Amino acid sequence: MDGRRKRRLGIAGAVAGLGAAGIGAAVAARKIAVGRVRLLPDPDVNEPFGQLRGEPLTVLADDGLALHVEIEQPPGRRPRKQLTIVFCHGYCLTQDTWHYQRRDLAGTRMVFWDQRSHGRSGRSRPSRATIDQTGADLAAVLRATTRPGDPVLLVGHSMGGMSIMALAERSPEFFDRQVIGVGLINTSTGDIHEMTLGLPLILAKVIRPVAPRVVRGLGARKNLIDPARTAGADLAFFVIRRMGFADRNISPTLVDFVERMIRATTIDVIAEFYPALMRHDKRKSLETLTKVPILVMSGGADQLTPRAHGELIADSLDDAEFVGVDQAGHLLPLEHPGLVTAALRRLLARATGRPVEEAAS
C-alpha cells in the first residue's frame, strides 16, 4: 500500500471516528436532557394512564372490520331513555386520549372506541383509510351501543372530530332523532395541508409538496422504520413535548404516555391515513351540525389544527360556544383536562336544558 493511500485511509478513519463520536455524544446528550426533564416534579407520576377500562364490545364495521369499543355503564337499572356520550379519538392515538374525561365524568354512560387500524381495533385495508369510512364506523358504533331515540352527545378530538363531520354529512338523520350536541376539539373542516407545523412559512411551503411522497416512502419500509422508532423514543419524547403541548412543564409521565400511543400506531397506518387528512373537506357537514348545540375548543399554540380553524367552525354555526385556550397545543383533552371537562358539562347543560351540576349525572 503506497503512502498516499495510507493517508487517505487514515483521514477517512479519523473522520469516521469523529462522526461516530459525534453521534454518540448527541445520543448521550439527548438521554441526559430527557433524564433531566423526567426528574422534574411530576404530578401525574402515579396517574394510571391507559389502565382505565370499560365493558368491551366488538362492533363490526360495514366492511366487516372489528372495531374495539368500551362502554362505561353506571350501576343500576338502565333508564328508558339514557344519555350517552360517545368519544372519538384522533390520528395516531387511541380511546385512552380521553383518560381524564373517563375518570372525571364517572357516573355518566360513556362509549369509547378505537378508530380502525388504531389501538385494539382491527387492521383496515389501505383503501378504507378515509375520513368517510371513519364516519361510517361511527354510525356502526352508535347503532351497536345506543337505542334508537336515546340522546347522544358526540365528542371528537382532531381526526375524531372529522369522523363526526363525516357522520353528519353522510347520515344527517342521526342529528334529527338522536344526537343532541357535539363537542369538537382541536379539529378542522379542511385545509389541513396549509398547516406549517411551527415552521417558518417559507420553509413550510417547501416541505408541503414533498411530504406525502416522503410519508408514503416511510410507510413502504415498515420493517425498517418501526424498530427505529422504538430506538428513537427519547427523540420522539422531545418532538411530542414540543409539538403536542404548549406547557413546557407538562408532566413527563403524560408525554411518555402519548409517545407510546403514537409509537403503537405503525408507520404504514400513519402513511395510509395521511392523504385522507390532507384531502379532508367537510364544510358541507356544518349544514347538519348547526341543528344542535356545539362546543368548539382550540389551542392557541396548536401547530396541527390552528385556532383559526376552530374559529371558522364556530362562526359558521348558529349555536356554538367557542373556547380558545391560548397556552395549549394540539392535545387539549390531556393538557387542560379540567377545562375540557368543564366545557363538556356546559355543553350537556345546553343540550339537555338541565343545570350544569346535574347535566352529566
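Start by selecting Q133, which you will find in helix 3. This is a predicted model, so treat each stop on the tour as a look at computed coordinates. Q133 is buried, because its relative accessible area of 7% falls under the 20% cut-off. Now show what surrounds it: setting aside neighbours within four places in sequence, Q133 is in contact with D62, R116 and R128.

Move along to T134, which also lies in helix 3, the stretch covering residues 131-145. Is T134 buried or exposed? With a relative accessible area of 0%, T134 counts as buried. Turn on the side chain and look for two polar partners. The backbone oxygen of I131 sits 2.9 Å from a polar atom of the T134 side chain. The T134 side chain also makes a polar contact with the side chain of S163, at 2.8 Å. Beyond residues up to four places away in sequence, T134 touches W113, Q115, R116, S163 and F273. Keep R116 displayed, since R116 is in contact with Q133, is touched by T134 and will come up again at the next stop.

Next, select G122, in the loop between strand 4 and helix 3. Leaving out residues up to four places away in sequence, G122 touches L65, A66, R116 and S117. Now add H68 and draw a distance between the C-alpha atoms: G122 and H68 are 54 residues apart along the chain, yet these two atoms are separated by 7.7 Å.

From here, step over to the strands. Select strand 2 (residues 66-72) together with strand 4 (residues 109-113): the two run antiparallel and are joined by four bridges. One residue to find on strand 2 is V69, which stands opposite W113 in strand 4. You have met W113 already, as a residue touched by T134.

Zoom out to take in the whole sheet. In what order do the eight strands of the open sheet run? Follow them as 1-2-4-3-5-6-7-8, with mixed pairing. The edges are strand 1 (55-60) and strand 8 (320-325), each of which pairs on one side only. From one strand to the next, the twist averages 20°.

Now bring in the helices that lie across this sheet. Helix 13 (residues 307-315) crosses strand 6 (179-185), strand 7 (294-299) and strand 8, and runs at about 165° to strand 8. Then colour helix 15 (residues 337-352), which lies across strand 3 (84-88), strand 5 (152-157), strand 6, strand 7 and strand 8; helix 15 runs at about 165° to strand 7.

Time to look inside. The largest nonpolar core has 34 residues, and those with the most contacts inside it are L138, L154, F175, V182 and L289. Helix 3 supplies the largest share of this core, five residues. A second core lies apart from it, with 21 residues, among them W98, F112, V325 and A328. Go back to the first and centre on L154. Apart from neighbours within four places in sequence, L154 is in contact with V86, L138, L142, I164, L167, F175, V179, G181, V182 and G183.

For the last stop, pick out two cysteines. C88 is buried at 0% relative accessibility, and C92 is buried too, with a relative accessible area of 8%. How many disulfides does the model contain? The count comes to zero.

Key. Residues numbered from 1 in each chain as written. Predicted model: local features only at pLDDT ≥ 70, side-chain atom pairs only at ≥ 80, totals over all residues. Heavy atoms only, no water. Buried < 20%, exposed > 50% of the residue type's maximum accessible area, 1.4 Å probe, protein only. Polar contact = N/O pair within 3.5 Å; in protein donor to acceptor, adjacent residues only side chain to side chain. Contact = heavy atoms within 4.5 Å. Disulfide = S-S within 2.5 Å. Core = buried A, V, L, I, M, F, W, Y, C linked by side-chain atoms within 4.5 Å. Pairing = 2+ DSSP bridges. Axes fitted to C-alpha atoms, helices over the stretch in contact; angles between N-to-C directions.
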